[in-house]
Amino acid sequence: EVLQFPLVKLNGDTTKLAENEGWILLNVWSFNCGPCIENLQNYGHEKDSLGYRILEQEGIKIMAVNQSSNNLELIRQFGETTGTTDLMYSGKGLSGVIELRYYGYYYLISPDRQIAYESSHLGDYSELLKAKSDYEKQQQNHREQ
């Protein structure tokens, strides 16, 4: 169900996880979540000179989904203050189709649409990137057998 859930970009376009290719970090956040805000601010500050974030350099598309509001203007304003408007989506009701243990939850979704990693804290991304690497190695081993 989560792969078909409509996510609304700030320009009003709708997409679904199933329509996106490659690795995706589904970052589910809420306005009243301190760690969520801190992490979004980190995304805003970590762009390199070409405008790419650390995870984007690793081939991971970040989709920051607000699961509590469908007010695109409010989400846009928040994105402007954190420097993350390009990552923002509205996904009101998402918690009805995916288990959210906390506000501020992260799912690393593989290109074959499996959850390769989940956490309530990203830290320095080392665990997430290790999970991605381990998953890729596991898939390579399956193909070789």
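Let's start with a single residue: I115 counts as partly exposed, because its relative accessibility is 45%, a value between the 20% limit for buried and the 50% limit for exposed. The model we are looking at is predicted. I115 sits in strand β7, and beyond its neighbours within four places in sequence it is in contact with Y107 and L108. The C-alpha atom of I115 is separated by 9.9 Å from that of L26, although these residues are 89 apart along the chain.

**The sheet**

From β7 we can step back to the whole sheet. Seven strands make up an open sheet with mixed pairing, in the order β2-β1-β5-β4-β3-β6-β7. Strands β2 (14-15) and β7 (115-119) stand at the edges with a single partner strand each, so one side of each has no neighbour in the sheet. As a general background, strands of a sheet pair through backbone hydrogen bonds, either parallel or antiparallel.

Both edge strands have antiparallel partners. At one edge, β1 (residues 7-9) pairs with β2 in the antiparallel sense over two bridges, and V8 has T14 of β2 as its bridge partner. At the other edge, β6 and β7 run antiparallel and are joined by four bridges. Here Y106 has S119 in β7 as its bridge partner. The two strands β6 and β7 form a hairpin with five residues between them, and R113 in that turn has a positive phi of about 65°.

**Helices on the sheet**

Two of the helices that meet the sheet are set side by side here.

| Helix | Strands involved | Direction |
|---|---|---|
| α1 (residues 34-45) | lies across β3 (23-29), β4 (60-66), β5 (88-90) and β6 (105-109) | about 135° to β3 |
| α3 (residues 72-82) | touches β1, β3, β4 and β5 | about 160° with β5 |

Helix α3 is worth a longer visit. Its residues L72, I75, F78, G79 and T82 are buried. Seen down the helix axis, the buried residues of α3 fall within an arc of 125°, so they line one face of the helix. They pack against β1, β3, α1, β4 and β5, while the face turned away from the buried side carries the exposed residues E80 and T81. At the N-terminal end, N71 caps α3, with a side-chain oxygen 3.1 Å from the backbone nitrogen of E73. Just after the helix, G83 takes a positive phi of about 75°.

**The nonpolar cores**

What lies inside? The largest nonpolar core has 25 residues, and L25, W29, Y43, L55, M88, L122 and L128 are those with the most contacts inside it. Two or more residues of this core come from each of β3, α1, β4, α3, β6 and α4 (126-144). Leaving out residues up to four places away in sequence, L128 touches L25, L55, I60, L108, Y117 and L122. Apart from this core lies another of 15 residues, including V2, I24, V28 and Y105.

**A buried arginine**

Which loop holds R53? R53 lies in the one between α1 and α2 (54-57). This residue is buried, because its relative accessible area is 0%, under the 20% limit. The side chain of R53 makes a polar contact of 2.8 Å with that of D86. Neighbours within four places in sequence aside, R53 is in contact with Y43, G44, E46, K47, I62, G83, T84, D86 and L87. Among these, Y43 also appears in the list for the largest core, and G83 is the residue just after α3.

Notes: Residues are numbered from 1 along each chain as its sequence is written. This is a predicted model: local features need pLDDT of at least 70, side-chain atom pairs count only at pLDDT 80 or more; totals for chains, interfaces and linings use all residues. Side-chain values use heavy atoms; hydrogens and water are left out. Two strands pair if DSSP finds at least two bridges between them. Contact means heavy atoms within 4.5 Å. Axes are lines fitted to C-alpha atoms, for helices over the stretch in contact, and angles run from 0 to 180 degrees between N-to-C directions. Buried means under 20% relative accessible area, exposed over 50%, partly exposed in between (1.4 Å probe, protein chains only). The arc is that of the directions from the helix axis to the C-beta atoms. A polar contact is a pair of N or O atoms within 3.5 Å; within protein, one must be able to donate a hydrogen and the other to accept it, and residues adjacent in sequence count only if both atoms are side-chain atoms. A nonpolar core is a set of buried Ala, Val, Leu, Ile, Met, Phe, Trp, Tyr and Cys residues joined through side-chain atoms within 4.5 Å.
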